[in-house]
Amino acid sequence: MNIDMIKNKNYWFSSGYLITFYAAWSLWWSFYAIWLKSKIGLSGEQLGVVYAANSAAAMFFMIFYGFIQDKLQIGKAVVTFQSIMMILIGPFLIYVYEPLLRQDFILGVCIGAPVLSAGFISGSALIDSFIERISRLCNFEFGPARFWGSFGYAAATLVAGLSFGIDPHINFWLASGVAAIYFTINLFFKPTQKLSVSNNTPQIIVPKPNIPTISEILSLFALRKFWLFVVFIIGTFSFYTIYDQQLFPNFYTSFFEKEETGYKIYGYLNSFQVFLEASCMIIAPYFINKLGAKKSLLVAALVMICRIGLSASLDNVYLISLVKLFHAIEIPLFILAMFKYIVANFDARLSATLYLVGFNISSNLGVIVLSKPVGKLFDNHGYSTTFYILASIVLIISCIAIFTLSDNKQANNQ
């Protein structure tokens, strides 16, 4: 962070978006899998169905969000819609989603998936791409702004771990409350840029980027390197997402005799991990600029492989806690390097479509296809075998990506 960034109000408004979004998401999402399994009583296969449905709904919203946001560039209409859906999360989870999952599982899944996706699951990709674009137009680094998102997630996870053992509904109401703050920030924020005119009088202007045409957006799908990028995402991040969200929370809490103790310790650990992640968000851009986007993505994939594989072989809760912290290295590397890779190898004006479709839809497509089979695999063979298989697949795809990802040196200068 430098003085110009600290004085840049666009940076602080953008950070406000990120800290409130990720705090609201963490309050219900960080214990979502545990809530579904321990409180609602879903099996591993049912858990896979829930995640697959959520990912399917997220695909629709990511296409919609990415296409419209690339047309709007820094317009806020889509973000406003998303913020309203966020505010509704508490009442929806308590009075609609939970009763339906208990009484009519399929109906609950079908109704819940679009609501959760519109506000949060797709919303995370929307707000990241929105702020990344503002950072490029308004002259500040995305990584330090994204730091506040990780910080908000960590702080909220700490609170969520304490309140979940009392009553999960507390978390849901808190999520709606923080979402209301996010909505307020969105009402008042207007991206601006200070430029000097000929008489040296500062002038405030709204950035006016070159708007891509529909044909330019659709032309992405004809590019070979776009599809090679998609294959890499599905083969790495999709499997890691299933491991981290669907399997690991219940795996970790299974080491504790009392469920409440497991929830609290997992909350503490998750908070510490995300605090580390926030710090890495500041450091990672310098590492990525030196190493390059492609190599950074491959290093992040290697960290994924290590974490999944070690989880399969370790049976000590302290060592597994240490392995959980690998996530703090992998996420900043992967997310920030992916933005650098997109801008270096594709049209930067299409960054929202590339991020939401190329990255998020690809990873969600993998989750849709794989969640139920992986859930069945776990039900039949347990955690260890499942983790070994997931780690092996990510390793194979990463080796292939050495030869298929583009090694564009522009990534170093983005």
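The legends below describe close-up views of a predicted model.

**View 1. A nonpolar patch on the surface, to which helices α6 and α7 contribute.** Five residues, Tyr95, Val96, Leu107, Ile111 and Trp173, form this nonpolar patch, and together they offer about 470 Å² of accessible area. The elements that supply two or more residues to the patch are α6, spanning 89–103, and α7, spanning 105–121. Valine 96 has its place in helix α6, and with a relative accessible area of 31% this valine is partly exposed.

**View 2. A salt bridge within helix α6, between glutamate 98 and arginine 102.** The closest N and O atoms of glutamate 98 and arginine 102 are 3.2 Å apart in the model. The two residues are 4 positions apart in helix α6, which means that about one helical turn separates them. In general, an α-helix has 3.6 residues a turn, so residues three or four places apart point the same way. The two partners are covered to unlike extents: glutamate 98 is buried, at a relative accessible area of 12%, whereas arginine 102 is partly exposed, at 48%.

**View 3. Helix α8 and the residue that follows it.** Helix α8 comprises the 15 residues 123–137, for which a rise of 1.5 Å a residue gives an expected span of 21 Å; the C-alpha atoms at its ends are 21 Å apart, so the model agrees with that expectation. The helix is mostly covered, with 13 of its 15 residues buried. After α8 comes asparagine 139, whose phi angle is positive, near 65 degrees.

**View 4. A salt bridge between helices α9 and α8.** Arginine 146 pairs with aspartate 128 in a salt bridge whose closest N and O atoms are 3.3 Å apart. Because arginine 146 belongs to helix α9 (residues 142–164) and aspartate 128 to helix α8, the pair ties together parts that are 18 residues apart in sequence. Arginine 146 has a relative accessible area of 5% and is therefore buried, the cut-off being under 20%. Aspartate 128 is likewise buried, with a relative accessible area of 2%.

**View 5. A salt bridge between arginine 307 and aspartate 244.** The side chains of these two residues meet with an N to O distance of 2.8 Å. Arginine 307 sits in helix α14 (residues 293–313) and aspartate 244 in helix α12 (residues 224–253), and the pair thus links distant parts of the chain, 63 residues apart. Both arginine 307 and aspartate 244 are buried. By the rule applied here, the salt bridges in the model number 3.

**View 6. The largest cavity of the model.** The structure holds 3 cavities of 30 Å³ or more, and the largest cavity has a volume of about 740 Å³. This cavity is lined by 37 residues, of which Trp25, Trp29, Phe237, Asp244 and Gln245 are the closest to its centre. Aspartate 244, one of these lining residues, also takes part in the salt bridge with arginine 307.

**View 7. Proline 285 in helix α13.** Helix α13 covers residues 259–291, and proline 285 is found in this helix. With a relative accessibility of 4%, proline 285 counts as buried. Its C-alpha atom is separated by 7.0 Å from that of leucine 336, although proline 285 and leucine 336 are 51 residues apart along the chain.

Key
Residues numbered from 1 in each chain as written. Predicted model: local features only at pLDDT ≥ 70, side-chain atom pairs only at ≥ 80, totals over all residues. Heavy atoms only, no water. Patch = residues over 30% accessible without salt bridge, like charges linked within 9 Å, V, L, I, M, F, W, Y side chains within 5 Å. Areas by Shrake-Rupley, 256 points an atom, 1.4 Å probe, with all protein chains shown as cover. Salt bridge = Lys/Arg side-chain N within 4 Å of Asp/Glu carboxyl O. Buried < 20%, exposed > 50% of the residue type's maximum accessible area, 1.4 Å probe, protein only. Expected span 1.5 Å × (residues − 1). 1 Å grid on protein atoms, 1.4 Å probe; cavity = no way out; pocket = protein on both sides within 12 Å on 5 of 7 lines; lining within 4 Å. Points joined across faces, edges and corners; volume = space filled by probe spheres on them.
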